[in-house]
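Reader: I have a structure open on my screen and would like to learn how to read it. Could you walk me through some features?

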Amino acid sequence: MNDTNLRRIKTRMEEASCVVFGDAMLDRYIYGEVGRISPEAPIPVVTVTRTNKVLGGAANVAANIRHSGCKTYFSSVIGGDPAGTEIDNILRKLDITYCGLAVSNRMTTTKNRIVGKGQQIVRFDEEACNLVSWQEESLIMKQLDKLLNAIDLVVVSDYAKGVCTARLCGMLISRANAHQVRVIADPKGTNWEKYEGAYIVTPNWREFTEVAGPVNPEKDEEIRQKALAILDRFKIENILITRSEQGMTLVSKDGYLSVPAQAKEVADVSGAGDTAVAALAVFLAAGVSLEEAVYWANRAAGLAVEHMGTSVIGIDELIREQGNASLQDDFSLKIMGLEELTEKISRLKINNRKIVFTNGCFDILHAGHIQYLNEARMLGDFLIAAVNTDQSVKRLDKGKERPVNKEQDRALQLAALQMVDAVILFEEDTPLEILRQIRPDVLVKGGDYKIEEIVGKEYAGETRVLSLKRGYSTTCLIEKIRSGGTA
């Protein structure tokens, strides 16, 4: 399935629509530096450097779905507190339509994670899991009823925080089935009666065994029989078990499919299940087969666990990871104008991605450039390479014959590099205006620069100078070519 045309599927995703119903949460990440142990107790002292807030729980599922271009509606109950306001603001920024309730006396579930030296030190939660009232159930269902004629798929994301009541889940699934709209239920607890009639349920291994009873994870036939019993008991068509390092297992009444895990390196498992459910939803909404949707959901979950924090993985990340698009189409998409790049960076920052920025002429790429760019990319999650235009290069006194390669050719060469995520051209002598708008987490320069001399450092979280590969420079290469030497 790795040869699937994901770009064609992406077009269908952008024409589809989904509604996510479930428990909204706010994930707050508090980052800091650890330099000493507290004299009050044997615990590290964290000096806070930045705080990031992202959607969690069912809201994270909605964010992942929207990230793939699918029209997304989100239904939940949030509080009238600052966390509820923050969730509403993020939903608006992501262009997700909220069709739920805001209740003034309800506490919005918030998970606070303190991270020092790249590791989570402690998590503390603020929540009240009281069930929504009968009146609130009716109001939510009334809003959802209006959508069922216009959507392609429903996701029930249950976190047992009081929103996904048995009555409300039952009504939603029953009415979705009446409209021939498939329902994905991501379950919590052992009361699976409320998911009766769902097209597919997506438990993790622990959730599966809580309902199925003891199961030997090494015996496929035992897993299949226990899963079939669940399907029959709750009148569910399919069950997809997410099994961490064992990948995923799909069981239906006439089939069994095991998909191995895809993660290369696990940094954080937060939200990986949400990513898998969201990917499953958008691929099914786009009309692909269940088996193929499971395959890509597994790939998306593998990418999610490679990032620190709750990550948003969509079709673009899968396209990049697949790497089967035509060179011109794929690489040219990385070359952006300032408005497009600023909008993209805003979305990435909302989703906790660390932005790295560098700039240069990059005339005649050589091994020194490759080493430098690779080291820069390792400092974060998204590398921007800003490139001087031809006129800008000429003003830098590089010589009347420079640049050797035209600006669009230089930009495309950089875009073709795997470690470069975005390329932008700038006409000015410096990229100061780009830095002012982008405000990267890390600004990188190479060579003998002194940090205090680097233009735009005031707009970056930190500034780094990387050493260049000795013996490599564009000027030296040109001189060797002119003299007939070996480059």
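Author: Happy to; we will take the sheet, the cores, one threonine, the aromatic rings and two backbone angles in turn. This is a predicted model, in which local features need pLDDT of at least 70 and side-chain atom pairs count only at pLDDT 80 or more, while totals for chains, interfaces and linings use all residues. Residues are numbered from 1 along each chain as its sequence is written, and side-chain values use heavy atoms, with hydrogens and water left out.

Reader: Let's start with the sheet. In what order do the 9 strands run?

Author: Strands of a sheet pair through backbone hydrogen bonds, either parallel or antiparallel. Here the open sheet has the order β6-β4-β1-β10-β11-β12-β13-β14-β15, with mixed pairing. β6 and β15 (255-259) are at the edges with a single partner strand each, so one side of each has no neighbour in the sheet. Strands (E, at least two residues) and helices (H or I, at least four) are DSSP runs numbered from the N terminus, and two strands pair if DSSP finds at least two bridges between them.

Reader: Which sense of pairing joins β1 and β4?

Author: β1 (residues 17-22) and β4 (residues 71-75) pair in the parallel sense over 5 bridges. Within that pairing, Cys-18 stands opposite Thr-72 of β4.

Reader: Which strands does helix α2 lie across?

Author: Helix α2 (residues 58-67) lies across β1, β4 and β10 (153-157), at about 170° to β4. Helix α7 (residues 220-234) lies across β13 (238-242), β14 (248-252) and β15, at about 55° to β14. Axes are lines fitted to C-alpha atoms, for helices over the stretch in contact (heavy atoms within 4.5 Å), and angles run from 0 to 180 degrees between N-to-C directions.

Reader: Which residues touch the most other members of the largest nonpolar core?

Author: In soluble globular proteins, nonpolar side chains tend to be buried together. A nonpolar core is a set of buried Ala, Val, Leu, Ile, Met, Phe, Trp, Tyr and Cys residues joined through side-chain atoms within 4.5 Å; buried means under 20% relative accessible area, exposed over 50%, partly exposed in between (1.4 Å probe, protein chains only). Of the 59 residues in this core, those are Ile-65, Phe-74, Val-155, Ile-184, Leu-280 and Phe-283. A second, separate core has 46 residues, including Val-103, Met-171, Val-183 and Ala-198.

Reader: Is Thr-249 buried or exposed?

Author: Thr-249 counts as buried because its relative accessibility is 0%. This residue belongs to strand β14, and its side chain makes a polar contact with the side chain of Arg-243 at 3.1 Å. Such a contact is a pair of N or O atoms within 3.5 Å; within protein, one must be able to donate a hydrogen and the other to accept it, and residues adjacent in sequence count only if both atoms are side-chain atoms.

Reader: How many aromatic pairs are there?

Author: A pair of aromatic rings is described by the distance of the centres and the angle of the planes. Rings of Phe, Tyr and Trp (its six-membered ring) pair if their centres lie within 6.5 Å; planes under 30 degrees apart count as stacked, over 60 as edge-to-face and the rest as tilted. The count is 7. Trp-192 and Phe-234 form a tilted pair, 6.2 Å centre to centre with 55° between the planes.

Reader: What is phi of Asp-95, and of Phe-362?

Author: Phi is near 60° for Asp-95, a positive value in a residue other than glycine, and near 50° for Phe-362, also positive. Asp-95 is partly exposed at 43% relative accessibility, whereas Phe-362 is buried at 5%.
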